[in-house]
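Me: Please pick one part of this model and go through it slowly with me. I'd like to hear what sits next to what.

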Amino acid sequence: MTALIEIENLDLYYGDFQALKSISMDVPEKAVTAFIGPSGCGKSTLLRSLNRMNDLIAGTRIEGSIKIAGEEINTSGMDVEHLRKRVGMVFQQPNPFPKSIYENVAYGPRLYGINQRKKLDELVEKSLRSAALWDEVKDHLKRSALGISGGQQQRLCIARALAVNPDVLLMDESTSALDPISTLKIEELVQELKNEYTIVMVTHNMHQAARVSNQTVFFLNGEVVEYADTETLFSTPSDRRTEDYISGRFG
Ligand SMILES: Nc1ncnc2c1ncn2[C@@H]1O[C@H](COP(=O)(O)OP(=O)(O)OP(=O)(O)O)[C@@H](O)[C@H]1O
């Protein structure tokens, strides 16, 4: 598989505290990569590094290299707005804007200068279809996004991210606030989306990582302990610490 993201010797500090230690790994294109590990091991920090969301946290210092499609993103010259268009993100809690369903999805395209109604209508429909939400909302696109269920709101947030045509979708525990049926819908959706997008997901749920991902990365104390294809990592882990974690001995 081709690597879309190449991370090399990445160190990240929050003030004096080193949260990521010499991380080197590749993220393959058009596949699902899962980050697992106990609380506080650095999963979300690495995820946020991939679209420079850590820039928003005061006192953060980062060293090392992250290349996306061959382009270094850890440089002062990087256009961060453009990077976040290419690398979209969905969070733990659904966070639709207090606007209509339509306007949530049209927001990004409008920001990037698309104002033609017909073009926006097409983009909204395409994004909602890709997020497996169209059939449920097509007859009330003008209703408030805050009035739909949590699971639908999360799929709306996925549609909003897809509307600006990203290459990468980052998902930070994006199903942990949802009921089992909504979770399953998003897991099925991720299976579809990986045909077109590179997906990186943080999950606390090892069963989810096993069900959904192609590659799994196990983190501990800011380090990558093991990185393998998901089946191998869960069936024959090569590091004792991975084995202890996936068999529930800690974390
Ligand atoms: N804004 C911050 N300022 C200072 N320290 C932070 C900040 N964010 C995270 N940390 C610390 O960095 C370490 C890694 O945190 P991170 O949130 O990346 O872990 P995680 O594996 O995603 O955890 P969880 O599974 O609980 O979300 C933790 O020790 C955390 O306390």
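Reply: Let's start with Gly 88, whose bridge partner in β7 is Leu 169. That pair belongs to a parallel match between β6 and strand β7 (residues 168–172), held over four bridges; two strands count as paired when DSSP finds at least two bridges between them. Bear in mind that this is a predicted model, where local features need pLDDT of at least 70, side-chain atom pairs count only at pLDDT 80 or more, and totals for chains, interfaces and linings use all residues. Numbering runs from 1 along each chain as its sequence is written. As for the element names, helices (H or I, at least four residues) and strands (E, at least two) are DSSP runs counted from the N terminus.

Now bring in α6, which packs on the sheet and touches both β6 and β7. The direction of α6 makes about 170° with that of β6. Angles here run from 0 to 180 degrees between N-to-C directions, with axes fitted to C-alpha atoms, for helices over the stretch in contact. Touching means C-beta atoms, placed from the backbone, within 7 Å.

Zoom out and you get an open, six-stranded sheet with mixed pairing, ordered β6-β7-β8-β3-β9-β10. β6 (87–90) and β10 stand at its edges with a single partner strand each, so each has one side without a neighbour in the sheet. On average, neighbouring strands in this sheet are turned by 20° against each other, direction ignored.

At the β10 edge, strand β9 (residues 215–220) runs antiparallel to β10 (residues 223–229), with six bridges between them. Phe 218 faces Glu 226 of β10 there. The two strands make a hairpin with two residues in between, and Asn 221 in the turn has a positive phi of about 50°.

Back to α6, since it has a helix partner too. Helix α6 (residues 150–162) and α3 cross at roughly 30°, their axes coming within 7 Å. That makes the two roughly parallel (under 35 degrees; over 145 is roughly antiparallel, 65 to 115 roughly perpendicular, the rest oblique). From α3, Ile 101, Asn 104, Val 105, Tyr 107 and Gly 108 meet Leu 156, Ala 159 and Arg 160 of α6.

α3 (residues 101–111) also packs against helix α4 (residues 117–130), this time at about 110° and with the axes 9 Å apart. α3 and α4 are therefore roughly perpendicular. On the α3 side, the contact uses Tyr 102, Val 105, Ala 106 and Pro 109; α4 brings Leu 120, Leu 123, Val 124, Ser 127 and Leu 128. Notice that Val 105 turns up in the α6 list and again in the α4 list.

There's another open sheet to look at: four strands in the order β2-β1-β4-β5, paired antiparallel. Its edges are β2 (17–28) and β5 (71–72), each with a single partner strand, so one side of each lacks a neighbour in the sheet. Strand β1 (residues 3–14) is joined to β2 by eight bridges, with Glu 6 opposite Asp 26 and Ile 7 opposite Met 25. Those two strands also form a hairpin with two residues between them, where Gly 15 in the turn has a positive phi of about 60°.

How far to trust all this? Mean pLDDT (the predictor's confidence in each residue, from 0 to 100) is 96 for the chain, and 100% of its residues reach 70 or more.

Definitions and conventions. Contact = placed C-beta atoms within 7 Å.
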